[in-house]
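Let's take a friendly walk through this model, one topic at a time. Keep the viewer open as you read.

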Number of protein chains: 2
Amino acid sequence: MDTTPPHEGLPDNAKLVFKGVIFEVWQWEQEMYDGSTKTFEKTWRPPTIEVIASIGDRILIGHQEQPTHGTFISLFGGRPENDDIEAEARRELLEETGYVSDDWQLLLKKAKRGHTIHQTYVFIARDCRKEREQSLDAGEKISVEAVSFKAFLDLSEDPKAWICNDLIEYLREVRKDENKKREFRRLLFP
Amino acid sequence: MDTTPPHEGLPDNAKLVFKGVIFEVWQWEQEMYDGSTKTFEKTWRPPTIEVIASIGDRILIGHQEQPTHGTFISLFGGRPENDDIEAEARRELLEETGYVSDDWQLLLKKAKRGHTIHQTYVFIARDCRKEREQSLDAGEKISVEAVSFKAFLDLSEDPKAWICNDLIEYLREVRKDENKKREFRRLLFP
């Protein structure tokens, strides 16, 4: 029996019953209202990191192609390989774009705790500069484009954009409120 | 090796590698752009059914309590036990509320195809009538309330309401548009 301690959001008696290449499946015996017990189950997947990288008055987006996904627009990031989330965000940005920044800020951290436990981290990387060429995985094709603030906000309504739901909601809120627009613009281009 | 055929949204060579009490884990070998292969993975979970049940000019909602979930507001439904989704919706409504309807319509059918494959069905059950008492599972406590059309729409902004995201989006659209409000009202109360 595996003895890995349960992730946050799982009860103490939860046991890891399957570990795949991405997902973990956890189960536990849950007491019901009549005193009987039932096997409850949740899955866990590694956090998702997304980076909003600014350069001058523009924002970097990726035109991506991945096997089984076809073409889509995305930000940069992925699944962290260790617990230092900001360092992993830097690594992903560098690998996928060749850009670095000295000015990072966590914009959003959200935890989903429904049937699947999953955290999302959205970072801002300000004032990026090109450090080297991209170094992509065999499963990635990414071409980088710098778009205007308006075009970036409009991604929240673009079905070709694969951005995490938490950030889409954030961008929609910003898009319809001039004050929030000013604030967000200052966050990206201080 | 399990030979269950893959669900819609999975490639033909996907294999079921784990079957839990809710989730299934599927894997396949995916060819990368450089000709190498990598194990890809998705989970599948059974569809979710939600029923919007109208009675007179009001709509039924549930004040629920479930082990590990605490108290929350919900509609009626759950996971179907067979492929006749509308019959399962009728069964869930009857069990959870004691109400029946002769006038059903599918309002939304959405398929999520990201890391987890999951379908959502939202039904309208018009002009409900009480048939018998609730017959709840040992893991359910549900008290039924009939609320106004406005109070129902407001659930889309209520953090205590556990409603599927597709329906929340639908209700938000309706809430801010008088024409859509009229149409939706006609759907519920013909």
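## Cysteines without a partner

In this predicted model, the sulfur of B:Cys128 has its closest cysteine sulfur in B:Cys164, and the 18 Å between them is too far for a bond. A disulfide would need the two sulfur atoms within 2.5 Å, so this pair at 18 Å does not qualify. Seen from the other end, B:Cys164 is in no disulfide either, with the sulfur of B:Cys128 as the nearest one, 18 Å away. The search over all chains of the whole structure agrees, finding zero disulfides.

How buried or exposed are these two cysteines? B:Cys128 is buried, at a relative accessible area of 6%. B:Cys164 is buried too, at 12%.

## Where chain B meets chain A

Now to the interface. On the chain B side, 33 residues are in contact with 33 residues of chain A. The area buried between the two chains is about 2800 Å², and carbon and sulfur atoms give 64% of that area.

What kind of pairing does the rule find across this interface? It finds 14 residue pairs in polar contact, counting pairs with both residues at pLDDT 80 or more. For salt bridges between chain B and chain A, on the other hand, the count is zero. Four strands of chain B each supply at least two residues to the side that touches chain A: strand 1 (15–19), strand 2 (24–31), strand 3 (37–44) and strand 5 (58–66). By residue class, this side of chain B divides into 12 nonpolar, 11 polar and 10 charged.

## A glycine facing the other chain

One residue to pick out here is B:Gly20, placed in the loop between strand 1 and strand 2 of chain B. Leaving out residues up to four places away in sequence, B:Gly20 touches A:Gln27 and A:Glu41. B:Gly20 is buried, with a relative accessible area of 19%; the cut-off for that label is under 20%.

Within its own chain, B:Gly20 can be compared with B:Arg45. The two are 25 residues apart in sequence, and their C-alpha atoms are 9.7 Å apart in space.

## Salt bridges inside the chains

Over all chains, the search of the whole structure finds 32 salt bridges. A good place to start is A:Glu173, which forms a salt bridge with A:Lys176, the closest N and O atoms being 3.6 Å apart. The side chain of A:Glu173 also meets that of A:Lys180 in a salt bridge, at 3.5 Å from N to O. How accessible are the three residues? A:Lys176 is exposed, at a relative accessible area of 63%. A:Glu173 is partly exposed at 36%, and A:Lys180 is partly exposed at 33%.

In chain B, B:Glu178 and B:Lys181 form a salt bridge with their closest N and O atoms 3.3 Å apart. Both sit in helix 4 (residues 178–188) of chain B, and because they are three residues apart there, about one helical turn separates them. B:Lys181 counts as partly exposed, with a relative accessibility of 21%. Elsewhere, in chain A, salt bridges that share partners join A:Glu81, A:Glu88, A:Arg91, A:Glu92 and A:Glu95 into one network.

## A buried glutamate in chain A

What does the side chain of A:Glu24 make a polar contact with? The partner is the side chain of A:Lys19, at 3.1 Å. A:Glu24 belongs to strand 2 (residues 24–31) of chain A. With a relative accessible area of 6%, A:Glu24 is buried.

Setting aside neighbours within four places in sequence, the contacts of A:Glu24 are A:His7, A:Leu16, A:Phe18, A:Lys19, A:Lys42, A:Thr43 and A:Trp44.

## An alanine in strand 9

Last on the tour is A:Ala111, found in strand 9 (residues 103–113) of chain A. Once neighbours within four places in sequence are left aside, A:Ala111 is in contact with A:His118 and A:Gln119.

How far apart are the C-alpha atoms of A:Ala111 and A:Arg132? They are separated by 33 Å, with the two residues 21 apart along the chain.

Methods
Residues numbered from 1 in each chain as written. Chains lettered and ligands numbered in written order. Predicted model: local features only at pLDDT ≥ 70, side-chain atom pairs only at ≥ 80, totals over all residues. Heavy atoms only, no water. Contact = heavy atoms within 4.5 Å. Buried area = accessible area lost by both parts, 1.4 Å probe. Salt bridge = Lys/Arg side-chain N within 4 Å of Asp/Glu carboxyl O. Polar contact = N/O pair within 3.5 Å; in protein donor to acceptor, adjacent residues only side chain to side chain. Nonpolar A, V, L, I, M, F, W, Y, C, P; charged D, E, K, R; others polar. Buried < 20%, exposed > 50% of the residue type's maximum accessible area, 1.4 Å probe, protein only.
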